Amino acid sequence: MTPRHARERSIGHSLHVYSVFVTRYRRGILTDALLTRCETVMRDMCARLGGELREFNGKDDRVHLLVHYPPKLPISTLVNRLKRVSVHYLRKEFDQHVRHHLQADHFWSPSYLATSCGGAPPNIIKDYIEQQKRPD
């Protein structure tokens with residue numbers, strides 16, 4: 001019997017998910033500095049999960065992501081890890097700003113958008129994400 005990892009090496013895939021996370025109650029908490037740090041953290045987490053953050057941008061109350069991910073990674077796991085790890089670092093590094101803008105202990109809304117990019121070429125999604133206007 002062939003070792004499991006050997007069989008998996010022959011899998012070809014091109015899976016992309018477009019996702020949007022909003023802040024709890026759509027509070028306008030995200031600044032350019034927070035978005036920049038959030039992007040770095042999410043890019044690192046995607047790499048640790050075997051994926052790649054292909055595009056990232058955001059506004060004061062949301063982030064837009066285009067992620068290339070491996071077939072064995074459930075989207076719900078990807079989303080939960082991205083949210084959990086990003087909020088850990090954002091709270092740690094921007095504590096006063098975060099506490100000032102949030103009434104409760106929640107940063108991200110529990111909801112999210114995740115849509116397949118099967119019908120649209122990834123470059124169209126990337127262009128859309130790039131056009132989002134960051135806060136000053």
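A residue counts as buried when its relative accessible area is under 20%, as exposed when over 50%, and as partly exposed in between. The exercises below apply to a predicted model.

**Exercise 1. Classify Ser19 as buried or exposed, and describe its surroundings.**

Solution. Step 1: Ser19 is located in strand 1. Step 2: its relative accessibility is 4%. Because this value is under the 20% limit, Ser19 is buried. Step 3: leaving aside residues up to four places away in sequence, Ser19 contacts Val63, His64, Leu65, Val79, Tyr112, Leu113 and Ala114. Step 4: a polar atom of the Ser19 side chain is 2.6 Å from the backbone oxygen of Leu113.

**Exercise 2. Determine which residues of the largest nonpolar core touch the most other members, and which elements give two or more residues to this core.**

Solution. Step 1: the largest nonpolar core holds 29 residues, and Met42, Phe107 and Trp108 touch the most other members. Step 2: two or more residues of this core come from each of strand 1 (15-23), helix 2 (32-48), strand 2 (52-59), strand 3 (62-69) and helix 3. Step 3: helix 2 supplies the largest share, seven residues. Step 4: another core, of seven residues, lies apart from it and includes Val20, Leu66, Cys117 and Ile129. Step 5: Trp108 has contacts beyond four places in sequence, among them Phe21, Cys38, Met42, Val63 and Val87. As general background, nonpolar side chains in soluble globular proteins tend to be buried together.

**Exercise 3. Identify the salt-bridge partner of Glu93 and state where each residue lies.**

Solution. Step 1: the side chain of Glu93 meets that of Arg37 in a salt bridge, with an N to O distance of 2.7 Å. Step 2: Glu93 belongs to helix 3 and Arg37 to helix 2; at 56 residues apart, the pair links distant parts of the chain. Step 3: Glu93 is partly exposed, because its relative accessible area is 38%. Arg37, at 23%, is also partly exposed.

**Exercise 4. Describe the salt bridge between Glu39 and Arg43, and the network to which these residues belong.**

Solution. Step 1: the closest N and O atoms of Glu39 and Arg43 are 2.7 Å apart. Step 2: both residues lie in helix 2, four residues apart, about one turn of the helix. Step 3: Glu39 has 21% relative accessibility and is therefore partly exposed; Arg43, with 33%, is likewise partly exposed. Step 4: salt bridges link Asp32, Glu39, Arg43 and Arg134 in a network. Step 5: the structure has a count of eight salt bridges.

Conventions: Residues numbered from 1 in each chain as written. Predicted model: local features only at pLDDT ≥ 70, side-chain atom pairs only at ≥ 80, totals over all residues. Heavy atoms only, no water. Core = buried A, V, L, I, M, F, W, Y, C linked by side-chain atoms within 4.5 Å. Buried < 20%, exposed > 50% of the residue type's maximum accessible area, 1.4 Å probe, protein only. Contact = heavy atoms within 4.5 Å. Polar contact = N/O pair within 3.5 Å; in protein donor to acceptor, adjacent residues only side chain to side chain. Salt bridge = Lys/Arg side-chain N within 4 Å of Asp/Glu carboxyl O.
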